[in-house]
Each structure stands twice: as structure tokens, then as C-alpha cells.
Amino acid sequence: MTLMEDAKNGRIPDALRSAAEIEGVDPEALRRLLAAGRVVVPMNARRMRERAVGIGELLCTKVNVNVGTSPSLSNIEEEVEKALAAVNAGADTIMDLSTGGDLDEIRRSILKKVDVPVGTVPIYQAAVEENLTSQGMFNALEKHAKDGVDFVTVHVGVNKESMRRLCRDPRLMGVVSRGGSLTMKYITETGEENPYYEEFDYLLEIAKEHDLTLSLGDGLRPGCIEDASDRAKYMEFILLGEMVARAREAGVQAMVEGPGHVPADEIETSVRAMKHLTDGAPLYLLGPIVTDVAPGYDHITAAMGGLIAGMAGADFLCATTPSEHLDLPTLEDIIEGTVVTKIAAHAADLTKPGVRERARAWDRRMADARANLDWEAQFREAIDPTKARRIRHRRGIDVETCTMCSELCAIRIAREALKHERSDES
């Protein structure tokens, strides 16, 4: 039985119990949420891991990091190193988006090395192998499932009707999702419907056999602020909501992906609409990037959007690196993107009911360390201890306070003044 079927039958499987223990939440509460489809725990039956990761209600906001080769740059060892570095920097999941080199070897190497859920986009492999057919798309999906991939993105919301909607309501940038554009290519070249949409029941059979979590992709996400919140995007949300219901009925875990490029004042509306239309399915956001004019800093623009989205109910943020829109990310880009997204996720958790108490306990520990000028404790509580320690010691000056305030440290001065005042009162 799948994890979801176990949960529906009142059982708490080991993976679910592990996720509950990691989060510090009641296993029975988590079981009910998994049974209802409001939480997913991606865990392929062929790849049982020690660490389970829960995504959804009552749980802290998770962070995914994309790695993978391109036709221009393909180095297996480098992508594995990036994946490991991302996990070390705090990534909760990894997605292999490789499109260059030996895709099977890359994927299997990552699966072997990292102990977190791994996701893929099978249609990429079908396209790279020039087998963009219905059979080719399902062959790729099944191969990834058999390899132990924990979740897959399938662009089931891109179909003939949504393409017609897009044509009637044209965009400045059209479609920027690679999986979405490949699906459109299949539809226009064959005249047939999207296989993942038309044969969704067959897709569910494969997912159920391997306990594969479906990430229902946002193939029509907006690629610029000008295209945000249009009819095509919302039509896709409606379709994805229908697919979520069918997945739940089949006992298959499903989450939903969202945009994209969205101005800050439209993010809350977008998130709440997605949550409503998909009946509270875990929401996985790519960004949202809040402005188009900051190439080189899109890890920042995405983190800004991710915080707003997380406050509105998003459950899962995809890290954006400084290389977004410019280049295949380097190891350093991956680490920086991971950390910045982790900061956004935690900032959102500080506001979330059911999560904020646990999140604020972390900030309280840091505040206690700062109040006591306890530098080792501050490094220990930092999201990026290595960078904090490096900055603290980079000038080689060893003082009790930071070198910005030095002898004029407000904390120390106030502490001494209050100590003197208390002494006078006694």
C-alpha cells in the first residue's frame, strides 16, 4: 500500500512517524493531513531513506534546490557536488533537471549520494532522447520511478484547451516552462492531447506502484511581471485541482506547483486561489520573482516573493540562484541560493499558525546568545555558521563585541548601566 493508503486506513507508517518526529508534531495529526492530501511525504518505495521530509500544513516551509547539466555544460561529479553542498546548506529536497550528458548516470549518482527526496522532470529525458511521444514520455516516467526518484513534475495542466486559452489571451513572453513548452510541442506536432493529461489514470498506476509523489507542474507560469495573473494561469490551476482530486482518490500523493514572476501585491491572491482550487494541496512555488530587472540578484527577488507566499500559505519554495536567467549555476551560486531561500522560508515560518512557536524558539536562542555576547552560540544558531564565523574573524581583531561598535557596544553599555541601577536600588 502507498503511504497515503496507509494513512487513510488509520496506520502511521515509519516514514510518516519519522517526519513527525523531525518536525516535533503529533504523528496522528500528521496522519490525518496525509490522508486528506494536505501533506505529502515523498518517499519512493524503492528508495527507503533514514530521513523523511514532510511538506504541507502544520510543517515548516521546505526548500528545494535544482541541479543538473545542460547541453552546453555537463559534468556528473560537479552536479553531485552541488547536490551535496545544497543539502549541507539546508536544502530539504533536490531536483535533477539534467538535459546534457548521460542522464541516467547523473540521476542515479545523485540518488545514491544524497539522503533527501529527489525529484525529476521525466519529459526532459524523452525530449533529449528524441522520443517525445506518448510512449517515450511514459517510458521516461517509469524509468525514473524504478530508479527510486521520490517525486516527479508532470505538466498535466497544459492541454489543448489551455493552449487555446493562451492563444486567445496572448502574453509578452509566452511560455517559459521548459516542460510546458515541450508538452505544447508534442500537442502541435502530433495533433494529439497531452499524454500525461489524457492518460492520467495510467500515470496514477505507475505512481501508485512505486509510491511516487506527483508534483503537478505549472507549465503556464508567467515568465515576467507583465504576464502575471492572467487567465491561462488560473485555468491551469483549475485543471490541477481536478487532477489533485483524482490522485487522492487513487491513494497517490500530489502537490501543486505555482508561478513564477508575480508582483508583490498579487502574490497573496495567487497563493490563496491555488490553495482554494486544489483543496489545500501542498503548494510548491518557483519564486515568485517580484521584479524582472535584477539579473544577478534573482535569488533576492525570489526570496522576497517566497516570504510573502509563505506567509499566505505556500509550503515549499524552490531556491533561485544568482545565475537565474544568465548561466548554469556554479557551486557557490547553489550554496548562496539555498541559504537565501532558507532564510525566506524561516521568516515565513515565524508567522505561520502551528509552526511559528517552533520557529520563534530558534530566534529566541539567537537573541539569548546575542544578549550574552556569546559568539560560539551565535555561530551555532546561524543559518550559515561558516559565513558568520568568517565575517566575524576576517579582520583578525579579537574583542568581546563586534568591531562595528567595539567599546560603544549598546548591549554591553546598557547591561552595565542596568546593573549599576539595580545596585543603587538595593
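A cavity is a set of grid points where a 1.4 Å probe fits but cannot get out. Rolling a probe the size of a water molecule over the atoms shows where empty space is left. The model examined here is predicted. By this rule it holds 2 cavities of 30 Å³ or more.

The largest cavity has a volume of about 80 Å³. Helix 5 (103-113) and helix 6 are the elements that give two or more residues to its lining. The lining consists of Asp 96, Leu 97, Ser 98, Leu 103, Arg 107, Thr 120, Val 121, Tyr 124, Gln 125 and His 144. By class, 4 of these residues are nonpolar, 4 are polar and 2 are charged.

The second largest cavity contains about 40 Å³ of space. Helix 14 (298-312) and strand 10 (316-318) each give two or more residues to the lining of this second cavity. Helix 14 supplies the largest share, 3 residues. The lining is made up of Gly 287, Ala 302, Ala 303, Gly 306, Leu 317, Cys 318 and Thr 341. Here 4 residues are nonpolar, 3 are polar and none is charged.

One residue of that lining, Gly 287, also takes part in a cis peptide bond. The bond runs from Gly 287 to Pro 288, with omega near -5 degrees. Pro 288 sits in the loop between strand 9 (283-285) and helix 14. Most residues other than glycine have a negative phi, and most peptide bonds are trans.

Two residues that are not glycines have a positive phi. In Asp 211 the angle is about 50 degrees. Asp 211 belongs to the loop between helix 11 (200-210) and strand 7. Its relative accessibility is 9%, so Asp 211 counts as buried. In Ser 229 the angle is about 60 degrees. Ser 229 is placed in the loop between strand 7 and helix 12. At 26% relative accessibility, Ser 229 is partly exposed.

The loop between strand 7 (213-216) and helix 12 (231-250) also holds Asp 218. Asp 218 has a relative accessible area of 1%, and therefore counts as buried. Which residues does Asp 218 contact, leaving aside its neighbours within four places in sequence? They are His 155, Ser 177, Glu 236, Glu 257, Gly 258, Pro 259 and Leu 286. One of these partners, Glu 236, is itself a buried residue of helix 12.

Helix 12 has 20 residues, which should span 28 Å at 1.5 Å a residue. Its end C-alpha atoms are 29 Å apart, which agrees with that expectation. The buried residues of helix 12 are Ala 232, Lys 233, Met 235, Glu 236, Phe 237, Leu 239, Leu 240, Gly 241, Met 243, Val 244, Ala 247 and Arg 248. Among them are the charged residues Lys 233, Glu 236 and Arg 248. After the helix comes Gly 251, with a positive phi near 80 degrees.

Helix 9 (residues 178-190) can be described in the same terms. This helix has 13 residues. From its first C-alpha to its last it reaches 18 Å, close to the 18 Å expected at 1.5 Å a residue. Its buried residues are Gly 179, Gly 180, Leu 182, Thr 183, Met 184, Tyr 186 and Ile 187. What covers these buried residues includes helix 6 (122-128), helix 7 (134-147), helix 8 (160-168) and helix 10 (195-198). Helix 6 thus appears in two settings: it helps cover helix 9, and it gives residues to the lining of the largest cavity. Helix 9 is followed by Gly 191, whose phi is positive, near 75 degrees.

Ahead of helix 9, the loop from helix 8 holds Met 173. Is Met 173 buried or partly exposed? At 43% relative accessibility, Met 173 counts as partly exposed. Beyond its neighbours within four places in sequence, Met 173 is in contact with Gly 223, Cys 224 and Asp 227. Met 173 and Ile 206 are 33 residues apart along the chain, and their C-alpha atoms are separated by 34 Å.

On the scale of the whole protein, the domain assignment gives domain 1 (59-353) and domain 2 (378-425). The C-alpha centres of domain 1 and domain 2 lie 42 Å apart.

Key:
Residues numbered from 1 in each chain as written. Predicted model: local features only at pLDDT ≥ 70, side-chain atom pairs only at ≥ 80, totals over all residues. Heavy atoms only, no water. Helix = DSSP H or I, 4+ residues; strand = E, 2+ residues; numbered from the N terminus. Expected span 1.5 Å × (residues − 1). Buried < 20%, exposed > 50% of the residue type's maximum accessible area, 1.4 Å probe, protein only. Contact = heavy atoms within 4.5 Å. 1 Å grid on protein atoms, 1.4 Å probe; cavity = no way out; pocket = protein on both sides within 12 Å on 5 of 7 lines; lining within 4 Å. Points joined across faces, edges and corners; volume = space filled by probe spheres on them. Domains from an automatic or database assignment.
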